[in-house]
Amino acid sequence: MLGALRRKVAIGGSSASVLGKSLQAIRPGVSASRASVDGGKEILLLQPRGIDHIRNFSHLILLGCSVGLTKTRDVISSIPSETIMQKSCRAFSSGDGDLVDAVVPFMGESISDGTLATFLKKPGDSVAADEPIAQIETDKVTIDVVSPQAGVLQEYVAKEGDTVEPGTKIAIISKSAEGVAPAVPAERKSEKAASESSPPAETVKEEKPKAKAEASPAVEKPKPPSTPPPKRTATEPVLPPKERERRVPMTRLRKRVATRLKDSQNTFALLTTFNEVDMTNLMKLRSDYKDAFVEKHGVKLGFMSGFVKAAVSALQHQPIVNAVIDGDDIIYRDYIDISIAVGTPKGLVVPVVRDADRMNFAEIEKTINGLAKKATEGTISIDEMAGGSFTISNGGVYGSLLSTPIINPPQSAILGMHSIVSRPMVVGGNVVPRPMMYIALTYDHRLIDGREAVFFLRRIKDVVEDPRRLLLDV
């Protein structure tokens with residue numbers, strides 16, 4: 001088209017008129033206007049009808065002269081401002097401002113990286129602002145990667161299983177639906193591929209008899225004699241086939257738990273002492289006041305609050321259990337933060353009840369219930385699990401009768417609770433059934449002697465069997 005225009009201009013006539021007529025013939029929506037410039041030259045301004053903006057300088061065509069970029073700017077500056085309007089942008093184009101990145105958030109001071117576990121959204125899905133689109137699994141918790149703005153998930157730039165750090169780009173979000181290629185259904189793709197790859201029907205029909213003719217001699221061939229399987233000796237073990245085994249990579253949380261527990265065994269001089277507790281009085285206290293407790297505090301009265309208060313009293317009587325070895329020093333903690341071991345589908349987590357010595361029964365129950373709910377839902381934060389000076393593990397909720405818990409570093413002891421079983425006990429010279437629970441204290445024998453450990457467990461037994469001791473501090 002441009003070559004034809006050049007030939008018409010070379011033959012003669014007004015350059016502007018030739019170009020204007022030609023463009024009108026091709027695109028009726030384009031109008032041409034002339035403007036005079038220095039040297040008697042003409043400049044043709046092209047404008048779409050009904051639009052007051054000139055797109056850019058490439059729409060400015062100088063006819064009959066050769067003008068550089070500097071002269072073009074001089075020409076445009078000499079034309080009245082009402083003749084040439086400001087440049088406009090195409091409404092359908094998606095610039096850099098339309099795309100935003102979804103990155104890995106800050107995961108905590110003690111966490112430097114994590115594993116990209118799962119994608120919660122697919123490319124092409126609409127997402128809202130702050131809506132989770134992926135999950136990062138760390139050594140302690142699972143963290144969500146959220147969409148910074150509402151729009152459409154354009155693509156993921158990372159893969160599941162990748163190790164990512166805070167600030168790593170995970171996905172690209174388009175604030176508008178433009179620029180996102182719609183996902184073609186798999187059925188259509190398969191149909192299209194089948195139609196392209198399938199030969200004509202006649203060719204298929206012709207090849208079918210050949211295939212049958214070729215297959216017939218193979219059937220007639222005699223089968224080789226099958227060799228009997230080798231006989232196994234009596235001492236050779238029979239192992240299951242590898243096809244019945246599955247190899248699954250460990251999650252970061254499971255690897256972290258395994259590492260910490262093994263470090264605990266390798267570092268501490270672990271020793272466990274046992275005792276048994278008569279739960280009669282604590283169960284009667286709970287039965288007498290459970291309705292009034294729920295009505296006033298809005299939470300059920302459980303056994304954990306009683307054992308936490310008993311552990312606080314025992315730690316106050318034996319402060320060495322609340323201490324820890326640090327190199328050649330012993331650090332005595334003047335606060336009591338009780339860690340509660342909670343089993344979740346993803347692994348074991350240990351949220352912390354801060355300043356348990358300043359809480360009453362209702363505050364302890366509310367805190368434990370809130371932390372356990374967060375741990376089960378996977379929304380618990382790093383700060384809610386950091387620290388802790390003593391741990392309580394209740395294996396009784398799973399039916400455990402007796403166990404030896406492992407210390408949670410960097411603590412020095414852990415209390416294990418177990419199931420309540422009615423057993424015959426001698427009370428006042430008579431054999432009567434009593435609800436009994438075994439309790440276990442595992443402690444670091446490098447720091448805590450057997451005397452302090454036994455006294456500590458004895459104090460818990462006395463307080464649980466007679467809760468009135470907490471009121472009288474005896």
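**View 1. Nonpolar surface patch formed by F274, L401 and L402.** In this predicted model, these three residues make a nonpolar patch of about 280 Å² on the surface. L401 lies in the loop that connects β19 (390-394) with β20 (413-417). Its relative accessibility is 45%, so L401 counts as partly exposed.

**View 2. Strand β20 and the burial of its residues.** The strand that follows the loop of L401 is β20 (413-417). β20 is mostly covered, with five of its five residues buried. A413, L415 and M417 point one way from the strand, whereas I414 and G416 point the other way. Residues on both sides of β20 are buried.

**View 3. Pairing of β20 with β19 and β22.** β19 and β20 run parallel and are joined by four bridges. One pair places I392 with L415 of β20 as its bridge partner. Strand β22 (residues 430-444) runs antiparallel to β20, and four bridges join these two strands. Here T442 in β22 stands opposite I414.

**View 4. The largest nonpolar core around F307, F390 and I392.** This core has 69 residues, of which F307, F390 and I392 touch the most other members. Helix α8 (residues 303-317) gives the most to the core, with nine residues.

**View 5. Contacts of F307.** Leaving aside residues up to four places away in sequence, F307 touches M279, L282, I392, L415, M417, M437, I439, I460 and V464. Among these contacts, L415 and M417 point one way from β20, and I392 is the bridge partner of L415.

Definitions and conventions: Residues numbered from 1 in each chain as written. Predicted model: local features only at pLDDT ≥ 70, side-chain atom pairs only at ≥ 80, totals over all residues. Heavy atoms only, no water. Patch = residues over 30% accessible without salt bridge, like charges linked within 9 Å, V, L, I, M, F, W, Y side chains within 5 Å. Areas by Shrake-Rupley, 256 points an atom, 1.4 Å probe, with all protein chains shown as cover. Salt bridge = Lys/Arg side-chain N within 4 Å of Asp/Glu carboxyl O. Buried < 20%, exposed > 50% of the residue type's maximum accessible area, 1.4 Å probe, protein only. Pairing = 2+ DSSP bridges. Core = buried A, V, L, I, M, F, W, Y, C linked by side-chain atoms within 4.5 Å. Contact = heavy atoms within 4.5 Å.
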